[in-house]
Amino acid sequence: MSGKTFYIETFGCQMNVHDSEKVIGTLMAQGYAQVEAPEDAHLVLYNTCSIRDKAEQKVFNRLQNFKRDAGKGKIFGVLGCVAQQEGEKIFDRAPHVSLVCGSASYTRLGEMLVQLEAGNRHVTGLSLDTDETFDTPFTRRDNPHRAYITIIEGCDKSCAYCVVPFTRGPERSRTSESVMAEARRLAAEGYTEIQLLGQNVNSYRDPSAAGWDFAALLGRVAEIPGIRRVRYTTSHPRDFVRAIVDAMDANAVLCDHVHLPVQSGSTRMLAAMDRLYTRDQYMRRIEWLKTARRRYSITTDIIVGFPGETEEDFAQTLDLLEKVEYDSLFSFKYSPRPNTAALAFSDRVPEEEKQRRLVILQEKQRAIQIRRNAELIGAVREVLVEGRNQALGQWIGRTSDNRTLNFTQADSNGDSLEGKYLPVRVTRSGPNSLVGESATVV
Ligand code: 5AD
Ligand code: SF4
């Protein structure tokens, strides 16, 4: 086994994916080479997610597979949300692990690597008491056209079901100056799409004297020459203010898509979840979007089977789906998590009932998506070409409103279209994507 090689596998959200890009860059700057298989690596890292129990179990399954390699010179590390949540208990559960580090400690990763190399068997980064963000010039971005930029880390909300405040620590925003400098550098390097990231981007607040809020930052990033698309995720309805819609309306570089997680259509459930808004307040934000200057696609996250959720509460969620007509949604069965308030709630919904509700919800949403996507047949949309599906002979495109629009191009001369922006006419639609053909005239 060669020294100074590493393997990393990433679970969870885009924040984690981007954290891994930064971790990879940090490792490479310290002389490590990335390999594609854990068997070939000197250092094996898992960047983990603990949002639901199933996600958490994945890392322990992976570690189990490598138990035999303990003591053979291989170093195992657990990063991210499971690391932060389980802490040193991981050393007991998987004794071949020697690094346990949460995302709030990645700025110290370099020195932790030195300790590991020196043979230290238990290296930890578990403090959440930080006002630092993990900014590094070494980020190794995976996609040559779309780049993530973290603008805010951590979360100060206390949703009753959610581990994130415990795994990612308190909110801390980067200065607008450092965000803008990174965005300008990326534009100069040829990236055309920027995705601003944070657990709650809406509560971004520039800590420097400029004092920009999220809407101001959005507007400024969208003005950078060379940047053609700006997306952001994820939003909290409570902090999703009117100025954000106004900023989007003012500049079409800000993509036609808002992800606004609602979690439930029942005000009673929203209160139990400590979401800090009512159904009506949420619907007001939807109205802003529906009456805006452009048509925005709206997507959401829903949890079914939160403790105490009755048939009537669930019916209200189904009704909300009809009222909003989401373009897409992520739905989850409630999963009890350590440290969270809801862990102590009684009146748990049985597993079979959660499953039943999930299926009903997904079927309803599928019908909505079939309907909404069919409305687009005949329309022309600009796509960013993301890749090629050889088997289907199609290019893979993404619209500003975040739909997958795959298309054929009659005269591409075998040249790659990847990274290009092209107008495409929609010819067919399904529940999850559109198909079309390249259109020369928009
Ligand atoms: N159980 C189920 N789903 C959850 N989510 C967050 N915590 C839980 C949990 N304990 C969902 C929410 C959130 C998305 C990222 O994951 O819908 O918006
Ligand atoms: Fe998973 Fe949440 Fe952590 Fe992202 S922040 S990795 S979704 S637990």
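Visitor: How do you know where the second largest pocket lies with respect to domain 1 and domain 2?

Guide: In this predicted model, residues of domain 1 (5–125) and residues of domain 2 (146–374) both appear in the lining of the second largest pocket, so the pocket lies between these two domains. Helix 2 (53–65), strand 14 (328–333) and helix 13 (351–374) are the elements that give two or more residues to this lining, and helix 2 has the largest share, with 4 residues.

Visitor: What makes a residue part of that lining, and which residues are closest to the centre of the second largest pocket?

Guide: A lining residue must have an atom within 4 Å of a pocket point. For the second largest pocket, whose space comes to about 320 Å³, 16 residues line it, and Arg 52, Asp 53, Lys 54, Ala 55 and Ser 335 are the closest to its centre. By class, the lining divides into 6 nonpolar, 3 polar and 7 charged residues.

Visitor: Why is the space lined by His 18, Lys 22 and Phe 134, among others, called a cavity?

Guide: The name applies because a 1.4 Å probe fits at its points but cannot get out, whereas a pocket is an open set. A search of the whole structure with a lower limit of 30 Å³ finds 1 cavity, and about 40 Å³ of space lies in the largest cavity, which is lined by His 18, Lys 22, Phe 134, Asp 135, Thr 136, Thr 139, Thr 150, Arg 174 and Glu 182. Its lining has 1 nonpolar, 4 polar and 4 charged residues.

Visitor: What makes a set of residues a nonpolar core, and which residues have the most contacts inside the largest one?

Guide: The members must be buried and joined through side-chain atoms within 4.5 Å. The largest nonpolar core has 57 residues, and Ile 151, Leu 196 and Tyr 232 have the most contacts inside it; helix 8 (residues 214–222) gives the most to this core, with 6 residues. A second core, of 21 residues and including Tyr 7, Phe 11, Val 44 and Phe 60, is separate.

Visitor: Which residues does Tyr 232 contact, leaving aside its neighbours within four places in sequence?

Guide: On that basis, Tyr 232 is in contact with Leu 196, Val 201, Phe 214, Leu 218, Phe 240, Ile 244, Met 248 and Val 258.

Visitor: How many residues from domain 2 and from domain 3 take part in the contact?

Guide: The C-alpha centres of domain 2 and domain 3 (380–438) lie 27 Å apart, and the contact takes 17 residues from domain 2 and 17 residues from domain 3.

Technical notes
Residues are numbered from 1 along each chain as its sequence is written. Chains are lettered from A and ligands numbered from 1 in the order in which they are written. This is a predicted model: local features need pLDDT of at least 70, side-chain atom pairs count only at pLDDT 80 or more; totals for chains, interfaces and linings use all residues. Side-chain values use heavy atoms; hydrogens and water are left out. On a 1 Å grid over the protein atoms alone, a cavity is a set of points where a 1.4 Å probe fits but cannot get out, and a pocket is an open set with protein on both sides within 12 Å along at least five of seven lines; lining residues have an atom within 4 Å of a point. Grid points are joined across faces, edges and corners, and a volume is the space filled by probe spheres set on the points. Ala, Val, Leu, Ile, Met, Phe, Trp, Tyr, Cys and Pro count as nonpolar, Asp, Glu, Lys and Arg as charged, and the others, Gly among them, as polar. Domain bounds come from an automatic or database domain assignment. Buried means under 20% relative accessible area, exposed over 50%, partly exposed in between (1.4 Å probe, protein chains only). Contact means heavy atoms within 4.5 Å.
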